[in-house]
Amino acid sequence: MVGDTVAPPAVRRRMLGIGFGIAVIAMLLDQVSKWWILDVMLPCLSGPSGPWCQVQAPPIEVTGFFNLVMAWNRGVSFGMFAHEADLMPYVLIAVALAITAFLVVWLRRTDRVFQAVCIGLVIGGALGNVIDRLRFGAVADFLDVHVAGWHWPAFNVADSCIVVGVLLLVADGLFDRRDRQ
């Protein structure tokens, strides 16, 4: 993870550029996809848009295992830590920003493009969900994968970036042989 060594300045600048570039792309993809869902595919039919919507457009079946749905997550992944308290979105924002700050420190220290890309994915996903919490007090989830009547909790592009980035970082940590030789 965050090692004691620090990469040379030119390498650090390059890794920061790669990581922040990936983070911006991930965050933009997340926000554009949410705009597309909220304003085009599944707009609010009655009431204000967002979690306050009174009548939401019906889900769209895309394939036999994938739907577009509208769900508002007031917690973290899979609805964990969901709470209706007014303060909760700000607590989750603070946690996300603290994790992002840790990841930026890690990004400053890495000298590996693979790690910079993975860290950028996690940062971009985290900031995409922070934007939702600031705008709506909840995160817009709309991707619904299901098999034989069992539905995986709805998720979004930001969640996908976070999960892929974390899984790749874990795999990299488990299987990287550079430090062990």
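**Exercise 1. Find out how many bridges join β3 to β4, and place these strands in their sheet.**

*Solution.* Step 1: β3 and β4 run antiparallel, and two bridges join them. Keep in mind that you are looking at a predicted model.
Step 2: For one pair of facing residues, look at Glu61, which stands opposite Asn67 in β4.
Step 3: Now widen the view: the sheet is open and has four strands, in the order β3-β4-β5-β6, with antiparallel pairing.
Step 4: Each of β3 (60–61) and β6 (150–151) has a single partner strand, so one side of each lacks a neighbour in the sheet and both stand at the edges.

**Exercise 2. Work out which residues form the nonpolar patch on the surface, and decide whether Leu87 is buried or exposed.**

*Solution.* Step 1: List the members: Leu87, Tyr90, Val91, Val95, Ile99 and Leu134, which together have about 600 Å² of accessible area.
Step 2: Ask where they come from: helix α2 (residues 88–109) gives the largest share, four residues.
Step 3: Turn to Leu87, found in the loop between β4 (66–73) and α2.
Step 4: Exposed means over 50% relative accessible area. Leu87 has 58% relative accessibility, so Leu87 counts as exposed.

**Exercise 3. Locate Pro48 and find how far apart Pro48 and Pro8 are in space.**

*Solution.* Step 1: Go to the loop between β1 (44–46) and β2 (55–56); Pro48 lies there.
Step 2: With a relative accessible area of 46%, Pro48 is partly exposed.
Step 3: Along the sequence, Pro48 and Pro8 are 40 residues apart; in space they are 51 Å apart, C-alpha to C-alpha.

Key. Residues numbered from 1 in each chain as written. Predicted model: local features only at pLDDT ≥ 70, side-chain atom pairs only at ≥ 80, totals over all residues. Heavy atoms only, no water. Patch = residues over 30% accessible without salt bridge, like charges linked within 9 Å, V, L, I, M, F, W, Y side chains within 5 Å. Areas by Shrake-Rupley, 256 points an atom, 1.4 Å probe, with all protein chains shown as cover. Salt bridge = Lys/Arg side-chain N within 4 Å of Asp/Glu carboxyl O. Buried < 20%, exposed > 50% of the residue type's maximum accessible area, 1.4 Å probe, protein only. Pairing = 2+ DSSP bridges.
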